[in-house]
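Reader: I have a structure to go through and some short questions about it. Can you put it up first?

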Amino acid sequence: MPKSLTRRTFLSRAAIGCSLAASPLVTPVSFAAAPWDNRLVVIILRGGLDGLDAVRPWGDADFAAARPTLAEGRDPALDLDGYFGLHPGLAPLMPLWQAGELGFVHAVSTPYRNKRSHFDGQDMLEAGLPALDGITRDGWLNRMLQGVPGAVAETTYAIGRESMLLTRGPAPVSRWTPEVDIGLSAQGLMLLELTMQDDPVMAEVMQQAIRLAGQDGDGVVVADEAAMMQDMAADMKALRGTKGHLRIADFAATQLRDTARIASFSLGGWDTHARQAKNLPKSLGTLSQTLLRLRDGLGAAVWGKTTVIAMTEFGRTVRENGTKGTDHGTGGLMLLAGGAVRGGQIYGTWPGLSEAALFDRRDLMPTDDLRRWAAWAMRSSFGIGRDQLERTVFPGLDLGDDPHMLL
Amino acid sequence: MAFDPITAETRFGCGLSPVVAPPTDVAAMLAALAGPDTAATAHPIDSFDTARNRIAAMSKARSAIRNSGSDTAEADAKTLRKAFLRETQGHWIRWFTHSMLRRATTGDGLRERLAFFWSDHFTAKGKKNNLSKTTTAYAESAIRPHVAGRFEDMLTAVVTHPLMIAYLDQQNSIGPASTAARKRENKKLGLNENLARELLELHTLGVDGPYGQTDVRQLAELLTGLNWSVHHGARYLPRLAEPGGERVLGKWYGAQQGTLEDIHNVLRDLARHPATARHLAWKLAVHFVADTPDPDMVAAMERAYLDTNGLLPEVYRAMLDHPAAWTGTGTLKQPVAFIGSALRATGLTPADTAHWEAHFVRRNLLRPLQIMGQPWEDADGPDGWPENDLAWRTPQGLAARLQWALRVPEILGREPTDPRQFVFDALGPQPPERVRFAAEAAESRREGVALVLMAPAFQRH
């Protein structure tokens with residue numbers, strides 16, 4: 001510590017051009033090149049999305065009878081392929097469908113059967129294993145990264161407050177939640193830079209923190225204490241309120257335009273046991289806004305290299321229940337979006353909704369393993385080897401034939 | 001290097017306090033630990049049985065409503081359950097506040113640190129709704145009373161505890177040749193090895209310990225019969241037990257009829273195993289002193305463990321008496337330790353927490369802990385929290401610490417101490433010069449206090 005440092009010299013140093021922009025804490029850094037050019041976004045829809053409501057099998061003779069109130073209304077503008085129609089809550093995505101940038105895989109599920117617990121179901125989905133044996137310690141996205149030389153923490157972002165099993169494991173993954181918001185005066189930031197000199201390693205991480213905090217909406221430096229408090233309160237409110245998903249999408253887009261290649265986050269609100277016609281549109285609206293915001297944030301060039309997959313722990317019962325909702329089921333829906341996907345079509349094998357065709361006489365029969373689709377998304381986007389996918393990422397999975405879901 | 005009071009409080013205690021003097025020597029630290037648990041008396045946390053009895057009462061009341069035949073029975077049962085969950089949440093938040101007050105006000109900081117360390121070593125949490133938010137009470141009942149005792153007593157208390165039995169699926173484990181299996185009482189159940197595996201890998205011998213899959217399987221069979229219920233707590237049910245003896249690490253346990261005694265015997269032997277001594281000595285040293293601790297210090301701790309059959313204060317003494325315990329830069333504080341020591345440095349009193357209502361604690365303490373990467377009592381798996389600095393020194397983690405540090409005035413509900421004084425309260429009579437300068441040059445009390453709390457010297461033990 002130089003003895004010459006006094007309040008006056010520090011402040012005059014600040015005044016004579018050692019400006020904030022030159023402060024190491026706010027100077028941009030460059031990272032090593034990413035291992036690929038394509039982008040993958042994995043969205044976990046927590047709570048069990050009702051795939052039958054999101055993408056409705058209008059052409060199935062048994063559909064209307066199973067869902068007296070939920071199957072009501074068929075807007076021709078939402079017709080997808082003459083057999084399936086889109087839920088009005090997803091209407092904002094119709095242009096994507098028409099542009100071939102949106103598709104679905106119907107009647108898919110993980111190998112999870114019968115127990116219908118959200119937590120176990122989500123663990124299965126994120127662990128990517130055929131069965132839950134004890135407590136799982138890593139997720140399939142992390143196991144994929146473990147086999148990629150050149151994948152660094154900045155390659156993958158897990159976004160949101162919760163720790164996701166999907167990205168957990170030994171491979172480095174960056175975590176960030178836009179809830180973190182720092183508001184410091186210019187003076188405070190420079191003093192922070194000063195105290196961090198006592199620990200260069202911590203200083204470097206703090207520098208990344210300041211950089212990230214400045215990227216998710218508003219700057220780090222605030223005019224005064226009142227402004228800081230106002231900023232922080234507004235941010236907390238925004239994230240708690242209805243705009244949290246937009247900030248997550250913005251942050252993901254910023255990172256993916258830069259050196260990140262994979263982003264993952266969760267959206268909740270799918271557990272529609274009651275009044276589904278009122279509740280599901282909100283969640284579908286959130287999903288639609290998230291995807292559109294992501295597309296806008298990425299820009300045409302990066303969107304063109306992007307594949308988004310959205311998956312859920314299980315589908316819901318075919319029949320509507322007594323509270324105008326649906327209960328935990330089995331076969332579900334997977335959503336594909338992005339400029340890289342071969343959209344405008346419904347993938348998968350439709351099992352039908354006649355009672356004999358149902359799983360356990362109550363759920364949509366899963367006709368395929370959704371892990372296979374996630375595997376093909378990684379294989380087609382990043383060229384991950386079939387062997388690695390079948391043995392390490394999804395042990396025991398048969399990848400089968402290429403569904404050609406990407407362009 | 002040898003004992004110094006500042007390091008003693010920072011590295012082995014809960015941090016410096018403007019009110020409570022740091023310990024004067026190692027003997028004083030160990031004497032406090034051997035004395036009564038005054039922090040627990042001052043800031044009580046319910047026992048696990050109290051929490052379990054609440055669950056039992058709720059479940060009884062719910063059955064009564066359901067059996068009443070009333071038209072609104074289903075709805076009433078739901079309402080009751082919702083009220084119960086809200087109440088449970090309230091208890092849990094109060095226990096959290098008391099945990100923080102213990103850290104902030106104690107004169108026996110080593111005990112708080114040890115209670116946290118051993119609770120992490122024996123990580124358990126409720127996976128199903130009923131047992132959720134009972135970890136605090138579990139630690140209070142099964143772990144805290146033994147932190148200054150013998151490891152084997154803690155091990156026995158934990159392994160035969162309802163929360164651990166539930167967490168590691170022991171409640172679903174039955175002997176393949178047990179009476180219950182032969183009568184096909186529950187076709188879905190079979191032998192579950194989860195508790196046996198974690199008991200060997202995490203709780204005792206360690207992942208590199210001298211055991212194999214056969215030992216895991218045999219131990220799992222030996223553990224069958226160990227179960228619990230909401231109404232009775234932990235109990236041994238012979239009809240679930242695998243008949244015949246089992247051989248674990250070359251030794252036979254049990255005879256034709258399994259007993260709880262056999263389980264106690266194997267736990268004692270595992271506790272006294274040399275691999276356990278090595279594993280625990282290493283883990284304690286890593287937690288308190290350095291990511292890569294001095295091998296000679298670890299060896300001294302291991303010897304103390306073996307010489308006393310796992311009398312823990314002797315292991316702590318071996319660590320504290322070793323010069324290596326007092327050198328180096330210390331480890332990065334985990335978020336709970338950071339928040340606890342920050343509150344202690346501000347001189348937090350019970351009166352300061354009067355405005356800590358449930359939603360306030362959630363927003364200002366529990367959510368920040370989660371964003372820092374350490375949601376309260378919610379580690380991802382039974383291996384608990386990572387110990388290495390790298391896991392905690394993340395951009396999100398540090399940003400969240402800074403964001404929280406800037407909220408200290410709101411958390412206290414009063415003006416914090418003048419930063420020019422606070423820098424000494426938090427870092428002792430000789431704070432790093434840069435930090436002292438920053439505390440003086442800060443534009444506001446808020447930023448000055450935050451800068452002190454974020455200083456590398458405060459972030460490390």
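Author: What follows is a short exchange on this predicted model, starting with how chain A and chain B meet.

Reader: How many residues of each chain are in contact with the other?

Author: On chain A there are 47, and they touch 45 residues of chain B.

Reader: And what area is buried between chain A and chain B?

Author: About 4,400 Å². Carbon and sulfur atoms give 63% of that buried area.

Reader: How many salt bridges between the chains?

Author: The count is three. One of them pairs the side chains of Arg168(A) and Asp380(B), at 3.0 Å from N to O.

Reader: What about polar contacts?

Author: Between chain A and chain B, 11 residue pairs are in polar contact, with both residues at pLDDT 80 or more.

Reader: Which elements of chain A give two or more residues to the side that touches chain B?

Author: Four helices and a strand: α1 (7-15), α7 (186-196), α8 (200-215) and α9 (225-240), plus β6 (174-176).

Reader: How does that side split by class?

Author: Chain A brings 23 nonpolar, 11 polar and 13 charged residues to the side touching chain B.

Reader: Switching to chain A by itself. What is its secondary structure?

Author: Chain A has 13 helices and 11 strands.

Reader: What share of its residues is buried?

Author: Of the 407 residues in chain A, 57% are buried.

Reader: And how much area does chain A expose?

Author: About 15,400 Å², with 54% supplied by carbon and sulfur atoms.

Reader: Last one: of the contacts in chain A between residues at least 6 apart in sequence, what share joins residues at least 24 apart?

Author: That share is 75%.

Terms used. Residues are numbered from 1 along each chain as its sequence is written. Chains are lettered from A and ligands numbered from 1 in the order in which they are written. This is a predicted model: local features need pLDDT of at least 70, side-chain atom pairs count only at pLDDT 80 or more; totals for chains, interfaces and linings use all residues. Side-chain values use heavy atoms; hydrogens and water are left out. Contact means heavy atoms within 4.5 Å. Buried area is the accessible area (1.4 Å probe) that two parts lose on being put together, summed over both. A salt bridge is a side-chain nitrogen of Lys or Arg within 4 Å of a carboxyl oxygen of Asp or Glu. A polar contact is a pair of N or O atoms within 3.5 Å; within protein, one must be able to donate a hydrogen and the other to accept it, and residues adjacent in sequence count only if both atoms are side-chain atoms. Ala, Val, Leu, Ile, Met, Phe, Trp, Tyr, Cys and Pro count as nonpolar, Asp, Glu, Lys and Arg as charged, and the others, Gly among them, as polar. Buried means under 20% relative accessible area, exposed over 50%, partly exposed in between (1.4 Å probe, protein chains only). Accessible areas come from the Shrake-Rupley method with a 1.4 Å probe; for residues, only the protein chains shown count as cover.
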